[in-house]
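Subject: Structure handover

Hello,

Here is the structure for you to look through. Please open it beside this email and follow along.

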Amino acid sequence: MPKSTIPRTFVFERRLIALRRLVLLRSSLTRFAAAGVLILSGCAGTREVSIDYPETESAELRALPGMSAVQGDDFYVQLISEFEFERDASRGQPCQDFGRSYQKGGTSAALLFQIRNDKLKLYQEVPALVYQTAAGECSFTFNAKKVYLTPWMRLDTAEDTQIDFSFVNSLNSDVDFAKLASDVGTASGVLALTGAGAGVALVGQLASGWMLNNENRSAEMTQADASGSQSRRETHSLPAAITLNNQGGIVNKTRFVIREISDSPVAILGTDAKALGEVRVHGALRSSLLMKINPDGLPDARDLSLEELWRSKMQGGSANGTLLKYIAEADHPDRPNLQPNWDSYKDVESSCRKLKVVMKDLGFNKFDRNAVLYYFLDKSADWRNYNVPGQQVLSGTVPNSQLQQYRAKGFGGCLASEDYETMKKMGLSVNSEEDWRGILQQTQEKESYFAAIRSVERQLTAAMTNSDPAVAERQLFPLIASDEKGTGTVLLQNHLADFGLEQILNVPAVPGAGIVATSAQLAQVFSALQIDALSCARPAFEQGRPLKNLAIMLFATRIGSPLAKGGALEFEFDGGKVERIAFQHPVYRDHLQNLRDYPDLGGCRVDAGFVERLN
């Protein structure tokens, strides 16, 4: 029958028959394989884990903002071991033994880290991974928790930390690897409770006991090996986790790939190896154990107090341990007095020095030390005077001589310039040497400026209150005559009121820009006004800023004066000579608001009763 004439139902039936034959063939093969496995069930295979040679990745240790390089006092580091499962290790077929068995007692393996730091007197062995199998393929224990290999350490002490690792693989069922597995959980928390500089004060005894237990365990393993058990132990050293150099530093991260190897007793099945995951040894970095850390990595020491810091718990510290208790119980020859005589500069400075030394020896870095020192010293008035804000100085009345005394008490016996810079980086308000140079320079300039105002004020006051116009003219002429011009004239303006200035000067009009008046005309004006009293002179302000070489003073008039009550007189000067005089209204120069904002300015305080008299 031609191909085109074969019925479609016939083709479908033939394909169905072929499919049934294929299913029967596969079923037969499966029964045969299962029988083979049952036959081999009495044969013992082996299973163990292996560790690849460690790989190290290096990264640059970056400096914090505002710092050119990393120093050993900038950070804390804590070395940590973590295990990460291979992404595909847990995928695939469900676990089924199919009758397969392994050597009686199974196998055990462990990854142990030996840590040594002579500066901190820190010597310990920490289990990071334990693998233990039983007879079945699905019977095993795998313990690889996150463990802390060291406490928090400053970089300059962490650099000397030596880490060796041992990988133990044993077929000896007498070795107590179950005890070792439980130690993983213990190790994951022990070193997290120590705080900074653990080997100096807190952890020495604990670490010694921990090491002793591990030495006994190592002795047991060595004895088991000597008895002829099938076990292997290899030990290597890891590269330093932290290395400091002139450019900053290097951070090393080490990886170990962990593989499970199953050895079949049948040659055709061979050895099956699969990656379980990897152990990573790395360092966690922090710039502070006491304070919150900003996104840029710098600690924020603002809005704290000494009492808050004393009560604070260190990052990773014990639950019942406070900073105050930690310092107070430290076995140190320079025990500080935490309650000195705050009125005694020498006593406070000495206690500050001892507190600084103790905190450094206990392992605290420069940020935590200087935050505590700042709030410790803040109990002293000398410290607050030394760090008086520059803006407050410039707007206040503290003389330069007094500021020199403030500056002399800079706690140089405790703090260096680097300490002040560290405090600034944490947001604290302190004065560095550069700040003090600027403050004193501006104060000297301000005092010179006020002295020039006082000089002009005295000469004007003498002329304005003199009842003899001829004498007043002789007093005014040198005040308005300059060496360059020598004219003895001044620009006179009136923005105050219409009090007959034109009649006094015998001129047709005084425009808004003013007229040039001689010393005789000026003396005539002052005499006609009948000035009774004058205030001191103050710098004139505009939009909240002092105007250079511009001052203002208030005057009151007697009864019968063409100007009732009085007003304000503004004078502009340069080199001790007056160039312009203006009778001012608050609309042109709001001297009344300035009096409210700055009641005492440049040593000039205007009595409120005087101002009320003018109103």
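The aromatic pairs come to 18 in this predicted model. One of them is formed by F165 and F256. Their ring centres lie 4.8 Å apart, and their planes meet at 70 degrees. That makes the pair edge-to-face. Look at where the two partners sit: F165 is in strand β10 (residues 162-170), and F256 is in strand β13 (residues 248-263). They are 91 residues apart, so this pair links distant parts of the chain. Both F165 and F256 are buried.

Aromatic residues also gather in one cluster. Its members are Y345, Y374, Y375, W383, Y386, F411, Y420 and W436.

Stay with F411 for a moment. F411 sits in the loop between α12 and α13. Is F411 buried or exposed? Its relative accessibility is 0%, so F411 counts as buried. Now check its backbone. Most residues other than glycine have a negative phi. F411 has a positive one, near 55 degrees.

N549 is another case. Its phi is positive, about 60 degrees, and N549 is not a glycine either. This residue is in strand β19. N549 counts as buried because its relative accessibility is 19%, and the cut-off for buried is under 20%.

Next, the disulfides. How many does the structure hold? There are 2.

One disulfide joins C352 to C414, with an S to S distance of 1.9 Å. C352 lies in helix α8 (residues 345-361), while C414 lies in the loop between α12 (400-408) and α13 (417-425), so the bond ties together parts that are 62 residues apart in sequence. The torsion about the S-S bond of C352 and C414 is about -60 degrees, so this disulfide is left-handed. Both C352 and C414 are buried.

The other disulfide joins C536 to C604, and here the S to S distance is 1.9 Å. Which way is it handed? The torsion about the S-S bond of C536 and C604 is about 85 degrees, so the disulfide is right-handed. This pair also links distant parts of the chain, 68 residues apart. C536 is in the loop between β17 (531-534) and β18 (538-542). C604 is in strand β23 (residues 604-605). C604 counts as buried because its relative accessibility is 0%.

C536 turns up again in the cavities. The structure has 4 cavities of 30 Å³ or more. The largest has a volume of about 60 Å³. Which residues line the largest cavity? They are S535, C536, R538, I552, M553, L554, H591, N594, L595 and V606. Strand β19 (545-557) and helix α18 (591-597) each supply at least two residues of this lining. By type, the lining has 6 nonpolar residues, 3 polar and 1 charged.

Last, find H495. H495 is in the loop between β15 (489-494) and α16 (501-505). At 18% relative accessibility, H495 counts as buried. What does H495 touch, leaving out residues up to four places away in sequence? Its contacts are G512, F583, Q584, H585 and Y588.

Best wishes

Terms used:
Residues numbered from 1 in each chain as written. Predicted model: local features only at pLDDT ≥ 70, side-chain atom pairs only at ≥ 80, totals over all residues. Heavy atoms only, no water. 1 Å grid on protein atoms, 1.4 Å probe; cavity = no way out; pocket = protein on both sides within 12 Å on 5 of 7 lines; lining within 4 Å. Points joined across faces, edges and corners; volume = space filled by probe spheres on them. Helix = DSSP H or I, 4+ residues; strand = E, 2+ residues; numbered from the N terminus. Nonpolar A, V, L, I, M, F, W, Y, C, P; charged D, E, K, R; others polar. Buried < 20%, exposed > 50% of the residue type's maximum accessible area, 1.4 Å probe, protein only. Contact = heavy atoms within 4.5 Å. Disulfide = S-S within 2.5 Å. Phe/Tyr/Trp six-rings, centres within 6.5 Å; stacked < 30°, edge-to-face > 60°.
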